[in-house]
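Here are my notes on this model. Please read them with the structure open beside you.

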Amino acid sequence: MTGSAADPKRTALAGGALPQKSQPAFQIEDLHVWFGNRAVLHGVSLEIPARHVTGIIGPSGCGKSTFLRALNRMHEFTPGVRVQGKVRLFGEDIYEPRVDPILLRRRVGMVFQKSNPFPTMSIQENVLVGLRLAGIRNRGLLEERLEEALRMAALWNEVRDRLHAPGTELSGGQQQRLCIARALAVHPEVLLMDEPCSALDPIATAQIESLIRDLREHYSIVLVTHNLQEAGRTADFTAFFLEGKLIEFESTKKLFTNPSRKQTEDYLTGRFE
Amino acid sequence: MSASGSAPSPEWSRERRASGEERATARRFRVRKILDRFFQLLSLLASVAVISPLLLVFVFLLSSGGSSLTWDFLTQLPKPVGETGGGMANAIVGSCILVAIAIVIGAPIGVLGGVFLYEHKEPRLRAAIRFTADVLNGVPSIIWGIVVYSWVVLRMKTFSGLAGGLALSFIMIPLILRTTEDVLRLVPPAYREAGLALGLRRSQVILHIVLATARRGIVTGVLLSAARVAGETAPLLFTAFGNRVWTARLQEPMAALPLQIFTYAISPYPDWHRQAWAGALVLLALVFLMNLALRLLSRGKPE
């Protein structure tokens, strides 16, 4: 991952050019994942477009979270996991030996199912921890990024007066937006979201969903969800996974109104799970 | 309960009445109730038996040492043999220094060992270290005194505060190691994952996130082990040795409360016996205060 700050793709928000919408963010070719001897993903090939929201749906255990974790190599912390296949991020193979997974994860942010702001840190520290620990000391830059990330996460107005309060004092929906701000502060190119609304009430869910729709202006977003309506409301494209295989990948509208595969139709009409 | 086994049905209960089984059940039920009471009483007595020694020791120490616990006792040096009066100020300070040395040596090693146990992937190695730590926890404290005596005291050719602190730290290390690992395991993995997904290095995640989240529990573990070693006498007998005058020099024999109590208690002088009681009271009070501080510390906001 030699891509530096001078690389136009990296500096989407720092004034550089954003990737073209027609460009693929991720190109995934024949991706296999095993947990020990059990195959979880069998040969998934998929192109995830830049600056769009791509929804991943499918029943529990279909491999959608595993798929997501293969995109920022988070699976490497689970013992016994093996990955085969090619994943390119803006053309660069992320599984090449010279790629540092640390730098990869700075380019590919992640938001989890349960909000997890660091309990020992204030709101401000939570947002800035990624930058601080990456060695950025410039106060002006940090302040700028703090406000920018919180604004992008639609949280600035709610927390601007209490930036030093503990992050865990916020409500559930605010905590999740804080986690989004934390991920955005390091200026990733892609945002992976693993069922970000599944632990939230309907109002907080609506806020996060509208936030996701806004974020796609700058970011390529992969959204795993088990909530079909959520995929319908937020995703531009939707991929349907079943038993570790990609069944169908289409524009959300087409997939939901006129799926070409019978299994997709069965799933969407609730005929299994 | 005892009559279970088949589903109750009308025929079954009629049959039961007929056979007199119902009366037997009622009798069994009475016996059961009496037994229940009996064991309740037994466990109450056991709890009292656990708590009462502490109360008894406190009351006893207060009655025998309370009157000797004067300002002089806390601030004066021991008087020469034969003179009455004087105090244990040097031993109180010496104990604090020894425990401080033990923390300085023992806490980093114990905490880092705990981190290693928490982080290392190889389960057999982890099990081996854990087992070793548990065995070390069971080693009689005088053994540590002998070890330090042969390693340090013989080489330095002098008893010293440093040797005493080292012996105490050997007792602390396995204690701290185990508690550190335990509290690290309580940190939800979600925080670790969040840190790693942010592109932090593993060392940064451990230091700034996992250890930071668990710091309260770690400090508790360190203080708990410090309270435990503060009262140790055996490992100090031939390491710190004791001293009747002031020393702040770590390479010289150093006074310690438990040692002073021991020396005074086995002496033939009534005035020293009196002071030994007062010393024991001070030692218990110190340990009590440490535990109290721990309580206050761990009662703060739950994490």
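In what order do the elements of chain B run from the N terminus on? The points below start there.

1. **The make-up of chain B.** The model is predicted. From the N terminus on, the elements of chain B run α-α-α-α-α-α-α-α-α-α-α-α. The count for chain B is 12 helices and 0 strands. Trace them in the viewer before you go on.

2. **The spread of chain B.** Chain B has a radius of gyration of 28 Å. For 303 residues the globule rule gives 19 Å. The value for chain B is well over that, so chain B is more spread out than a compact globule. Along the principal axes, the C-alpha atoms of chain B fill a box of roughly 90 × 65 × 40 Å.

3. **The domains of chain B.** The domain assignment splits chain B into domain 1 (10–67) and domain 2 (71–299). Their C-alpha centres lie 40 Å apart. The contact takes 5 residues from domain 1 of chain B and 5 residues from domain 2 of chain B. What classes of residue does domain 1 of chain B bring to the side that touches domain 2 of chain B? That side has 2 nonpolar, 3 polar and no charged residues.

4. **Chain A, for contrast.** Chain A has 10 helices and 10 strands. Chain B, as noted, has 0 strands. With 273 residues, a compact globule would have a radius of gyration near 19 Å. Chain A has 18 Å, which agrees. The C-alpha trace of chain A spans about 55 × 45 × 35 Å along its principal axes.

5. **Where the chains meet.** Here 17 residues of chain B are in contact with 21 residues of chain A. Which elements give two or more residues to the side of chain B that touches chain A? They are α8 (189–197) and α9 (202–230) of chain B. The most comes from α8(B), with 6 residues. By class, the side of chain B that touches chain A has 9 nonpolar, 4 polar and 4 charged residues.

6. **How to read a helix pair.** Two packed helices are described by the angle between their axes and the distance between the axes. The next three points use both. Each one involves α7(B).

7. **Helices α6(B) and α7(B).** Helix α6 of chain B covers residues 141–156, and helix α7 of chain B covers residues 161–185. Their axes come within 9 Å and cross at roughly 135°. That makes α6(B) oblique to α7(B), because an angle over 145 degrees would be needed for roughly antiparallel. The crossing of α6(B) and α7(B) is right-handed. On the α6(B) side, the residues are Ser141(B), Trp144(B), Gly145(B), Val148(B), Val152(B) and Val153(B). On the α7(B) side, they are Ala163(B), Leu166(B), Ala167(B), Phe170(B) and Ile171(B). The contact of α6(B) with α7(B) has 9 nonpolar, 2 polar and no charged residues.

8. **Helices α5(B) and α7(B).** Helix α5 of chain B runs over residues 123–137. The axes of α5(B) and α7(B) come within 8 Å and cross at roughly 135°. So α5(B) is oblique to α7(B). Is the crossing of α5(B) and α7(B) left-handed or right-handed? It is left-handed. Ala133(B), Leu136(B) and Asn137(B) of α5(B) make the contact with Pro174(B), Leu175(B), Leu177(B) and Arg178(B) of α7(B). Those residues divide into 5 nonpolar, 1 polar and 1 charged.

9. **Helices α4(B) and α7(B).** Helix α4 of chain B covers residues 89–119. The axes of α4(B) and α7(B) come within 5 Å and cross at roughly 35°. The crossing of α4(B) and α7(B) is right-handed. The residues of this contact divide into 20 nonpolar, 10 polar and 2 charged.

Notes. Residues are numbered from 1 along each chain as its sequence is written. Chains are lettered from A and ligands numbered from 1 in the order in which they are written. This is a predicted model: local features need pLDDT of at least 70, side-chain atom pairs count only at pLDDT 80 or more; totals for chains, interfaces and linings use all residues. Domain bounds come from an automatic or database domain assignment. Two residues are in contact if their C-beta atoms, placed from the backbone, lie within 7 Å. Ala, Val, Leu, Ile, Met, Phe, Trp, Tyr, Cys and Pro count as nonpolar, Asp, Glu, Lys and Arg as charged, and the others, Gly among them, as polar. Axes are lines fitted to C-alpha atoms, for helices over the stretch in contact, and angles run from 0 to 180 degrees between N-to-C directions. Helices (H or I, at least four residues) and strands (E, at least two) are DSSP runs, numbered from the N terminus. Angles under 35 degrees count as roughly parallel, over 145 as roughly antiparallel, 65 to 115 as roughly perpendicular and the rest as oblique. A crossing is left-handed if the near helix is turned anticlockwise from the far one by less than a right angle, and right-handed if clockwise. The radius of gyration is taken over C-alpha atoms; the globule rule is 2.2 Å times the number of residues to the power 0.38.
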